[in-house]
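Visitor: I am new here and would love a friendly tour. Could you put the structure up so that we can talk it through?

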Amino acid sequence: MVFYASTFNGQMLSHQDWESKYNELEGILSADDTATANPDIWYHIGYDSPFTPAERRRNEIWIPQGQVDETNVVSA
């Protein structure tokens with residue numbers, strides 16, 4: 001699976017915080033004629049503990065490229 005991703009810092013306290021970062025990435029991708037993002041699905045992740053200062057936190061938004069086809073998933 002291939003993803004488009006955006007990395008940023010800060011404290012994400014609500015779904016709206018995450019959604020605003022998703023909208024930023026989706027806007028960039030929609031302006032790019034070569035991007036084939038699937039805007040129906042997106043993921044967010046925060047890597048740090050709640051006690052990490054906001055300016056040092058690492059967060060990401062992931063949007064899959066193209067259609068997500070679960071038949072391509074490899075299981076162990």
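Guide: Gladly! Please keep in mind that this is a predicted model. On one side of helix 1, Q16, I28, S30 and A31 are exposed.

Visitor: Which residues of helix 1 are buried?

Guide: Exposed residues have over 50% relative accessible area, while buried ones have under 20%. Q16, I28, S30 and A31 belong to the exposed group and lie on the other side of helix 1. The buried residues of helix 1 are W18, Y22, L25 and L29.

Visitor: Where do the buried residues of helix 1 fall, seen down its axis?

Guide: W18, Y22, L25 and L29 are the residues to follow here. Seen down the axis of helix 1, the buried residues fall within an arc of 65°, so they line one face of the helix.

Visitor: How far apart are the end C-alpha atoms of helix 1?

Guide: Helix 1 covers residues 15–31, which is 17 residues. At 1.5 Å a residue, it should span 24 Å. The model agrees, because the end C-alpha atoms are apart by 24 Å.

Visitor: Which strands do the buried residues of helix 1 pack against?

Guide: Strand 3 is mostly covered, with 5 of its 6 residues buried. It is one of the strands that the buried residues of helix 1 pack against; the full list is strand 1 (3–8), strand 2 (43–46) and strand 3 (59–64).

Visitor: What is the bridge partner of Y4 in strand 3?

Guide: Strand 3 pairs with strand 1 in the antiparallel sense, over 6 bridges. Strand 2 also runs antiparallel to strand 3, joined by 4 bridges, and there G46 stands opposite N59. For Y4, the bridge partner in strand 3 is I63.

How values were computed. Residues numbered from 1 in each chain as written. Predicted model: local features only at pLDDT ≥ 70, side-chain atom pairs only at ≥ 80, totals over all residues. Heavy atoms only, no water. Helix = DSSP H or I, 4+ residues; strand = E, 2+ residues; numbered from the N terminus. Expected span 1.5 Å × (residues − 1). Buried < 20%, exposed > 50% of the residue type's maximum accessible area, 1.4 Å probe, protein only. Arc of directions from axis to C-beta. Contact = heavy atoms within 4.5 Å. Pairing = 2+ DSSP bridges.
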